[in-house]
Amino acid sequence: MLKEMVMEKNKHISSAVLTAAAFIGAALLSYSTMSSVTSPVCCGLAGALSPGYAAAVFAGSALTYLISGTAVKNGFIICSLLLILVGKWLMKDENVPKFCAIVTFVSMAFSGIVFGALVDRNMMNVLLNIFISALTGTAAYFIKRAVDIVIFSDVFRLEKKNLTVFAVVYTIAVSALCGISVSVINLGRIAGIVLVLLAAKRFRYSGGVISGVLTTAGIFISSPELGLPAAFLGIAGLAAGYAADYSRITIAAAFLAVDFCGQLLTGMNDASFCMQADAVVGAIIFMLLPAKIVMSGGIVLDGDSDGSGSEV
C-alpha cells in the first residue's frame, strides 16, 4: 500500500514537472520564426502531446503573445491552438500519430481559412495558411512518433526505421530554437553545433555530415539570413568526424577551422561573425561536457560502431 502511494506521488510530481516544462517550452518557442515570420511550431507541439500538456502549451504560447503585444499579429496561431486543444479533449482516447496530424491540420486549416478570408481578405493568404497547416500537421505526426519512441523504449535506440522520425524532429527543434537570441548568440545554432560535434565524435564522419546538413536545414527554415553563414556546417562536421579518434580539442579545432574557411569564402560580415561566435561557444560546451554524455548519452545506434576514441 505504501509503495503504491509513493509511486502515485512520484507520478503526480512527474506530471507537474512535465506540465511546467511544456508551459515554459511553449513560451520560449513562441519566439521562433519560419522565414522571418512567427513559426507555428507550438501548434505542432500541442497537436502531438496529450490534452493536459497541450493545454500547458496553449497557455504558455497565448500568455507570451499577450505579454509581448503580438496577440493580434499571431491571431491565426492562437485560434489554431485553441481549436487543437478542443479537438484533443473531445477525442482524447485517440491520441495516435495519425490522429494528432489530422487534428492539427484540420484545426489550423479552419482557422487559416477564417483569418485569410475574413480578416486578411486575401485568397493567397488562405492558400498559404492551408499549406502551413499541412506542414504543421506533418510535424505533429513526427513529433508524436518521436515522443512515443522515447517514452516506450528502455534505451534510446536509433534504429533505421526511426531515423527519418528523429531527423525531422531534429530539424524542427533547431529551427524553433533559432528564434531565441541573446545579443550575437543564437541558441538554435549553438545547440545544433554541439549536436554536430557530439554526432561526429560518437558516429564519426557520417554522423558529422548528417547532423551538419540537418542543422543547416533547420537554420535556413528559421531565417535565410541566419542560414547562409551556416552552409558549411556539413563539411565542418565531416572534418570533425575524421578527427573522431583524437581528443575533443582536436575535433573542435578541425570543425572551427573548416567552418571559418567557409565564412571567408562567402565573405565575412556581421552574420558571419555571429555564426563564428556561435560555433566557438558550441565547441566550448562540447569540450566541457562529461565524457559519458559524449560517448553514449544513452543512445544506441542499431548495428553500427560504438564510436570509441580517446578522450581529453
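# Salt bridges, helices and a nonpolar patch

Arginine 189 has a relative accessible area of 2%, so this residue counts as buried. The model described here is predicted. Three salt bridges are found in a search of the whole structure, and one of them joins arginine 189 to aspartate 278. The points below treat these pairs, then two helices, then a nonpolar patch on the surface.

**Salt bridges**

- Side chains of opposite charge can pair when their charged atoms come close.
- In the pair of aspartate 278 and arginine 189, the N to O distance is 2.7 Å. This pair connects distant parts of the chain, since aspartate 278 belongs to helix α12 (residues 270-288) and arginine 189 to helix α8 (residues 187-222), 89 residues apart.
- Aspartate 278 has a relative accessible area of 0% and is therefore buried, and arginine 189 is buried as well, at 2%.
- Aspartate 245 and arginine 204 form another salt bridge, in which the closest N and O atoms lie 2.6 Å apart. Here too the pair links distant parts of the chain: aspartate 245 sits in the loop between α10 (233-242) and α11 (248-266), while arginine 204 is in helix α8, 41 residues away.
- Both partners count as partly exposed, with relative accessibility of 44% for aspartate 245 and 24% for arginine 204.
- Aspartate 148 and lysine 144 also meet through their side chains, at 3.2 Å from N to O. These two residues are four residues apart in helix α6, which means that about one helical turn separates them.
- Lysine 144 is buried, because its relative accessible area is 8% and buried residues have under 20%.

**Helices α4 and α7**

- Helix α4 (residues 75-90) has 16 residues, which should span 22 Å at 1.5 Å a residue; its end C-alpha atoms are 23 Å apart, in agreement with that value.
- Among the buried residues of α4 are Phe76, Ile77, Ile78, Leu81, Ile84 and Leu85. Their cover includes β2 (37-38), α2 (41-48), α3, α5 (97-119) and α6 (123-151).
- Helix α7 (residues 163-177) contains 15 residues and reaches 21 Å from first to last C-alpha, close to the expected 21 Å.
- The buried residues of α7 include Val165, Phe166, Tyr170, Ile172 and Val174.

**Nonpolar surface patch**

- Phe23, Ile24, Leu28, Leu63 and Ile67 make a nonpolar surface patch of about 480 Å².
- Helices α1 (2-29) and α3 (51-68) each provide at least two residues of this patch, and α1 gives the largest share, three residues.
- Leucine 28 lies in helix α1 and counts as partly exposed, at 43% relative accessibility.

Methods: Residues are numbered from 1 along each chain as its sequence is written. This is a predicted model: local features need pLDDT of at least 70, side-chain atom pairs count only at pLDDT 80 or more; totals for chains, interfaces and linings use all residues. Side-chain values use heavy atoms; hydrogens and water are left out. The expected span of a helix is 1.5 Å times one less than its number of residues. Buried means under 20% relative accessible area, exposed over 50%, partly exposed in between (1.4 Å probe, protein chains only). Patches are made of residues with over 30% relative accessible area and no salt bridge: like charges are joined within 9 Å, nonpolar side chains (Val, Leu, Ile, Met, Phe, Trp, Tyr) within 5 Å. Accessible areas come from the Shrake-Rupley method with a 1.4 Å probe; for residues, only the protein chains shown count as cover. A salt bridge is a side-chain nitrogen of Lys or Arg within 4 Å of a carboxyl oxygen of Asp or Glu. Contact means heavy atoms within 4.5 Å.
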